[in-house]
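Here is a small set of exercises to work through with the model open in your viewer. Try each task before you read its solution.

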Amino acid sequence: MRLIQRLIRPYVWHELPGWGRLYGAFVGDFRRDVEWRDEPRRTIRGKLHGYQLDLDLSRWSERMTYYLGRFYDLELQLLVLGLLRPGDRFVDIGANIGMITLAAASKVGETGVVDAFEPNPRCAARIRSFLEHNHIGHVRLHEMGVGDVDAELCLSVPRHNSGEGSFLPFDSTENTPDRYEQMTVPVHVADSILEADPRPPMMIKMDVEGFECFALKGLSRTIERHRPIVATEVESSHLVRAGQTPADLCRVMEDFGYEGWVFGLRRVGLRQELDLQPIDPAASSYNALWLPADGPARRRFEESFPNLARRPSPVAATTA
């Protein structure tokens with residue numbers, strides 16, 4: 001089996017037609033992590049940002065990064081890499097082990113800055129190791145969560161995927177020690193951290209597993225003052241644990257004066273390109289791109305993605 005897995009890696013790396021099915025059949029997702037637990041760590045150079053990555057193949061997302069040469073979330077990376085320029089400021093809320101942080105760092109360069117917020121100490125340690133190994137000095141790592149008040153909260157982290165760590169309670173029948181690790185971590189209002197540097201952020205990326213509305217309230221001054229582009233996950237199964245819905249999250253952003261889109265991918269020949277679609281009010285799971293009506297970030301988006309920027313504004317998701 002290992003020979004077959006080695007042979008298919010170049011095919012997957014080049015993302016040739018059908019690579020996903022091939023990968024699923026011979027490598028697999030988190031359900032096959034146990035098969036890889038004794039595999040030695042591997043170091044690769046990321047094909048989208050050029051940084052070296054020390055990867056644990058027993059973790060499904062890092063295993064996929066090893067085979068693909070990039071983090072699996074391609075649409076978000078295309079957005080970050082297409083939008084950012086040297087000297088920009090990028091804010092990563094819920095940085096996990098730093099895959100999007102690294103993509104942003106490669107684009108803003110040493111004249112720019114990335115503020116990465118990550119409350120999980122183990123994930124923060126991975127970010128630090130990547131930064132040290134690649135001699136990256138323009139990323140500021142904030143080992144904390146982001147919320148609407150300063151507090152200490154319990155972070156529950158699924159053992160199969162650190163990226164699903166959440167401050168919101170899981171069902172008591174699910175939240176068992178064999179499935180989740182729990183830790184108490186600091187949470188702060190991000191505005192108070194970001195205002196120490198007057199540079200306006202060009203973009204804020206947020207992946208906080210249902211805690212979005214609380215985190216956005218803690219970013220209200222930054223959003224209202226600088227009007228950055230904002231990218232969030234919208235996942236009803238996470239939001240419901242906070243007593244909220246996708247419509248509530250849409251309403252928060254609309255109250256800031258933003259229009260929302262679903263962003264994803266479309267295939268053009270053998271390439272994947274960023275795509276935007278109007279938000280379906282009935283949809284329960286999607287990646288959302290929130291655009292301000294005007295300002296430098298809006299103009300940058302129109303310059304960077306002219307074909308997408310020419311689309312008519314969507315009907316408001318909460319009123320459609």
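**Exercise 1. A pair of tyrosines**

Task: Decide whether Tyr-23 and Tyr-67 are buried or exposed, then classify the geometry of their ring pair.

Solution: Keep in mind that this is a predicted model.
- Step 1. Tyr-23 is buried, and Tyr-67 is buried as well.
- Step 2. Two numbers are needed here, since a pair of aromatic rings is described by the distance of the centres and the angle of the planes.
- Step 3. The ring centres of Tyr-23 and Tyr-67 are 5.6 Å apart, and the planes stand at 75 degrees. Centres within 6.5 Å make a pair, and planes over 60 degrees apart count as edge-to-face, so Tyr-23 and Tyr-67 form an edge-to-face pair.
- Step 4. Now place the pair on the chain: Tyr-23 belongs to helix 2 (residues 19–26) and Tyr-67 to helix 3 (residues 60–68). With their positions 44 residues apart, the pair links distant parts of the chain.
- Step 5. Look around the pair: ring pairs join Tyr-23, Trp-36, Tyr-66 and Tyr-67 into a cluster. The count for the protein comes to eight aromatic pairs.

**Exercise 2. The overall fold**

Task: Find how many helices and strands the protein has, and judge its compactness from the radius of gyration.

Solution:
- Step 1. The protein contains 13 helices and 13 strands.
- Step 2. Its radius of gyration is 19 Å, while the globule rule gives 20 Å for 320 residues. These values are close, so the protein is as compact as a globular protein of that length.
- Step 3. For the extents, the C-alpha trace spans about 55 × 45 × 40 Å along the principal axes.
- Step 4. Turning to burial, 53% of the 320 residues are buried.
- Step 5. Of the contacts between residues at least 6 apart in sequence, 71% join residues at least 24 apart.
- Step 6. For the surface, about 14500 Å² is exposed, with 52% of it supplied by carbon and sulfur atoms.
- Step 7. Finally, the protein has 39 positive and 45 negative charges, and the mean positions of the two sets are 7 Å apart.

**Exercise 3. Positive phi outside glycine**

Task: Work out where Glu-209 and Arg-227 sit, and what sign their phi angles have.

Solution:
- Step 1. Start from the expectation: most residues other than glycine have a negative phi.
- Step 2. Glu-209 has a positive phi, near 55 degrees, and Arg-227 has a positive phi of about 55 degrees.
- Step 3. Glu-209 is found in the loop between strand 9 (203–206) and helix 8 (212–217). The loop that holds Arg-227 runs between helix 9 (220–226) and strand 10 (229–235).
- Step 4. Apply the cut-off for buried, which is under 20% relative accessible area. Glu-209, at 4%, counts as buried, and Arg-227, at 18%, counts as buried too.

**Exercise 4. Three sites, three degrees of exposure**

Task: Assign Cys-123, Leu-265 and Val-240 to buried, partly exposed or exposed.

Solution:
- Step 1. Cys-123, in helix 6 (residues 121–133), has a relative accessible area of 4%, so Cys-123 is buried. Its C-alpha atom is 19 Å from that of Glu-233, 110 residues away along the chain.
- Step 2. Leu-265, in strand 11 (residues 258–268), counts as partly exposed at 33% relative accessibility. Asp-275 is 10 residues away along the chain, with a C-alpha separation of 5.0 Å from Leu-265. Leaving out residues up to four places away in sequence, the contacts of Leu-265 include Leu-74, Leu-78 and Asp-275.
- Step 3. Val-240 lies in the loop between helix 10 (236–239) and helix 11 (246–255). At a relative accessible area of 54%, Val-240 is exposed. From Val-240 to Ser-220, 20 residues apart in sequence, the C-alpha distance is 22 Å.

How values were computed: Residues numbered from 1 in each chain as written. Predicted model: local features only at pLDDT ≥ 70, side-chain atom pairs only at ≥ 80, totals over all residues. Heavy atoms only, no water. Helix = DSSP H or I, 4+ residues; strand = E, 2+ residues; numbered from the N terminus. Rg over C-alpha atoms; globule rule 2.2 N^0.38 Å. Buried < 20%, exposed > 50% of the residue type's maximum accessible area, 1.4 Å probe, protein only. Contact = heavy atoms within 4.5 Å. Areas by Shrake-Rupley, 256 points an atom, 1.4 Å probe, with all protein chains shown as cover. Lys, Arg positive; Asp, Glu negative; His and termini not counted. Charge placed at Lys NZ, Arg CZ, Asp CG, Glu CD. Phe/Tyr/Trp six-rings, centres within 6.5 Å; stacked < 30°, edge-to-face > 60°.
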